[in-house]
Amino acid sequence: MRAPRAALVASATAAGLVGGWMLAQRYLGAQKAALFSQNPRRRHAAIGYLAGRPSPETVRLLRDYLAWERHPALRRRGLRVVRELERSL
């Protein structure tokens, strides 16, 4: 009787991990689209998302964002991320 219960727990754990991963990817994808949102919190989250995606396209996108952004704290954060991405590329 122990083996079926252990298999059930293992499969439930695996299903939970896969489901959590899928939800996280969906959330992060939505944040990427929010870089030019009117909501500053969404813009901050989008910068964080892009910080984990080093590519020349990301740097170009963030440079466009920096030209558009007027909020000083978000501009500083965006500039910091651009510098970090440029160093890593």
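Trainee: Hi! Which residues is Tyr-65 in contact with, leaving aside its neighbours within four places in sequence?
Mentor: Hello! With those neighbours left aside, Tyr-65 is in contact with Leu-35, Phe-36, Arg-43, Ile-47 and Leu-74. Keep in mind that this is a predicted model.

Trainee: Good to know. Where is Tyr-65 found?
Mentor: Tyr-65 sits in helix 3. From C-alpha to C-alpha, Tyr-65 and Ile-47 are 9.5 Å apart in space, with their positions 18 residues apart in sequence.

Trainee: And is Tyr-65 buried or exposed?
Mentor: Tyr-65 counts as buried, because its relative accessibility is 0% and the cut-off for buried is under 20%.

Trainee: What about ring pairs, how many aromatic pairs are there?
Mentor: The count comes to three aromatic pairs. One of them joins Phe-36 and Trp-68, and that pair is edge-to-face, at 5.1 Å centre to centre with 70° between the planes.

Trainee: What does that pair tie together?
Mentor: Phe-36 lies in the loop between helix 1 and helix 2, while Trp-68 is in helix 3, so the pair ties together parts that are 32 residues apart in sequence.

Trainee: How does Trp-68 pair with Tyr-65?
Mentor: That pair is tilted, because the planes of Tyr-65 and Trp-68 are at 40°, with the ring centres 6.1 Å apart. Both residues lie in helix 3, three residues apart, which is about one turn of the helix. Ring pairs link Phe-36, Tyr-65 and Trp-68 into a cluster.

Trainee: Nice. How accessible is Trp-68?
Mentor: Trp-68 has 39% relative accessibility, so Trp-68 counts as partly exposed. Phe-36 counts as partly exposed at 39% relative accessibility.

Trainee: Let's switch to helix 4. Which of its residues are buried?
Mentor: In helix 4, the buried residues are Leu-74, Gly-78, Val-81, Val-82 and Leu-85. They cover an arc of only 105° around the axis, so they are on the same side of helix 4.

Trainee: What is on the other side?
Mentor: Arg-76 and Arg-87 are there, and they are exposed.

Trainee: And what covers the buried residues of helix 4?
Mentor: The cover includes helix 2 and helix 3 (56-68).

Trainee: What span should helix 4 have, and what does the model give?
Mentor: Helix 4 has 17 residues (residues 72-88), which should span 24 Å at 1.5 Å a residue. The end C-alpha atoms are 24 Å apart, so the two agree.

Trainee: One more spot. Where is Ala-34?
Mentor: Ala-34 is in the loop between helix 1 (2-32) and helix 2 (40-51). Ala-34 counts as buried because its relative accessibility is 8%.

Trainee: What does Ala-34 touch?
Mentor: Not counting residues up to four places away in sequence, Ala-34 touches Arg-42, Arg-43 and Ala-46. Ala-34 and Ile-47 are 13 residues apart in sequence and 9.1 Å apart in space, C-alpha to C-alpha.

Trainee: Last thing: what pLDDT does the protein average?
Mentor: The average pLDDT is 89, and 94% of the residues score at least 70.

Trainee: Which elements have the lowest and the highest mean pLDDT?
Mentor: Helix 1 has the lowest mean pLDDT among the elements, at 82, and helix 4 has the highest, at 96.

Key: Residues are numbered from 1 along each chain as its sequence is written. This is a predicted model: local features need pLDDT of at least 70, side-chain atom pairs count only at pLDDT 80 or more; totals for chains, interfaces and linings use all residues. Side-chain values use heavy atoms; hydrogens and water are left out. Helices (H or I, at least four residues) and strands (E, at least two) are DSSP runs, numbered from the N terminus. Buried means under 20% relative accessible area, exposed over 50%, partly exposed in between (1.4 Å probe, protein chains only). Contact means heavy atoms within 4.5 Å. The expected span of a helix is 1.5 Å times one less than its number of residues. The arc is that of the directions from the helix axis to the C-beta atoms. Rings of Phe, Tyr and Trp (its six-membered ring) pair if their centres lie within 6.5 Å; planes under 30 degrees apart count as stacked, over 60 as edge-to-face and the rest as tilted. pLDDT is the predictor's confidence in each residue, from 0 to 100.
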